[in-house]
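Biologist: I have a few labels I would like explained. Can we go through the reasoning behind them?

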Amino acid sequence: MAIICLAITFVAAGFLACAGTSLPTRLLANATVTDGISPYTHNELVEMAVEIRDYSFGSHNAEALDAKMDQLLAQAQADGRAPQNARGEEYRLDAAAISHLDDCYHILEMVRIPLIVIAVLAIAAAAHVRVRISRKALGTVLVTTSAFLIAAFLVAGGAALMDFEGFFGQFHQLFFPQGNWVFWYKSLLICSLPEGFWVGMGTIWFATTLLLSILSVCVGLRLRKPRRRNNASSVRFNR
């Protein structure tokens, strides 16, 4: 139980590093947005990416999302970058895009409480192993959890490096079997969050979980080492 709960918690921590704040979204969007094929400027697409992240994994404020789209479109129309009757998906998030973002939010809301419970169980189970079984047993739990995750993430990372589009598609097919995650490459959603953005997010997720696993291995190996006896306790006193 401790191994399973710790493994899930380490993976969830990787996701939290990606979506817990808007900073990773802002930094990655700043480096990847495809303003060359969009009516919007580089900075406008970065702003849109942050707003999309907030809608999908934060406040889920539809009015704020609409207001941001209205603001960016009005500026593009004023600058002559968009026609006055602009309605296409390259100018605004369409119904399919909004539906996909809603699905992202609902999945997160569905797993949020269970993941918190699992994290608490991971701590409780690890404490139980340490107190009721042994220090060495806790070390074994930490090493086993980390070895499994490192192997799993190396396999997943290798698959992503060989065929990122295929890996990305399988990942989305798992969580979005209804198939509403494919969009035109010039759409506002894709220009704000292109493939390079997701490669970066995957790297952050992978690196965070891998770092936690390495730290866990280090702590686990240390716990598995026998304690050194205090020399003073071995001194015998003779009458």
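Modeller: Gladly. This is a predicted model. By class, the lining of the largest cavity has five nonpolar, one polar and three charged residues.

Biologist: What makes three of the lining residues of the largest cavity charged?

Modeller: Asp, Glu, Lys and Arg count as charged. The lining includes Glu-89, Arg-92 and Asp-94. Those give the three charged residues. Leu-93, Ala-97, Phe-183, Leu-188 and Leu-189 also line the cavity, and Leu, Ala and Phe count as nonpolar. Ser-187 is in the lining too, and Ser falls in the polar class.

Biologist: How do you know that this space counts among cavities of 30 Å³ or more?

Modeller: The largest cavity has a volume of about 40 Å³. The structure holds one cavity of 30 Å³ or more.

Biologist: Now the helices. How are two packed helices described?

Modeller: By the angle between their axes and the distance between the axes.

Biologist: Why are H1 and H9 called oblique?

Modeller: Helix H1, residues 2–19, packs on helix H9, residues 195–224, at about 140°. Roughly antiparallel needs an angle over 145, and roughly perpendicular runs from 65 to 115. The angle of about 140° fits neither, so H1 and H9 are oblique to each other. Their axes are 8 Å apart, and the crossing is right-handed.

Biologist: Which residues of H1 and H9 make the contact?

Modeller: On H1, they include Phe-10, Val-11 and Phe-15. On H9, Met-201, Ile-204 and Trp-205 are among them. The contact divides into 10 nonpolar, five polar and no charged residues.

Biologist: What makes H2 oblique to H9?

Modeller: Helix H2, residues 23–32, also meets H9 at about 140°. That value is not over 145, and it lies outside 65 to 115, so H2 is oblique to H9. The axes are 9 Å apart, with a right-handed crossing. Pro-24, Thr-25, Leu-28, Ala-29 and Thr-32 of H2 meet H9 residues including Gly-196 and Phe-197. This contact has six nonpolar, four polar and no charged residues.

Biologist: And why is H1 called oblique to H6?

Modeller: H1 packs on helix H6, residues 135–162, at about 45°. Roughly parallel needs an angle under 35, and roughly perpendicular starts at 65. About 45° lies between those limits, so H1 is oblique to H6. The axes are 9 Å apart, and H1 passes H6 in a right-handed crossing.

Biologist: Which residues of H1 meet H6?

Modeller: Ala-2, Ile-3, Leu-6, Ala-7, Phe-10 and Val-11. Their partners in H6 include Val-141, Leu-149 and Phe-153. By class, the contact has 10 nonpolar, three polar and no charged residues.

Terms used
Residues numbered from 1 in each chain as written. Predicted model: local features only at pLDDT ≥ 70, side-chain atom pairs only at ≥ 80, totals over all residues. Heavy atoms only, no water. Axes fitted to C-alpha atoms, helices over the stretch in contact; angles between N-to-C directions. Helix = DSSP H or I, 4+ residues; strand = E, 2+ residues; numbered from the N terminus. Left-handed = near helix turned anticlockwise from the far one by under 90°. Contact = heavy atoms within 4.5 Å. 1 Å grid on protein atoms, 1.4 Å probe; cavity = no way out; pocket = protein on both sides within 12 Å on 5 of 7 lines; lining within 4 Å. Points joined across faces, edges and corners; volume = space filled by probe spheres on them.
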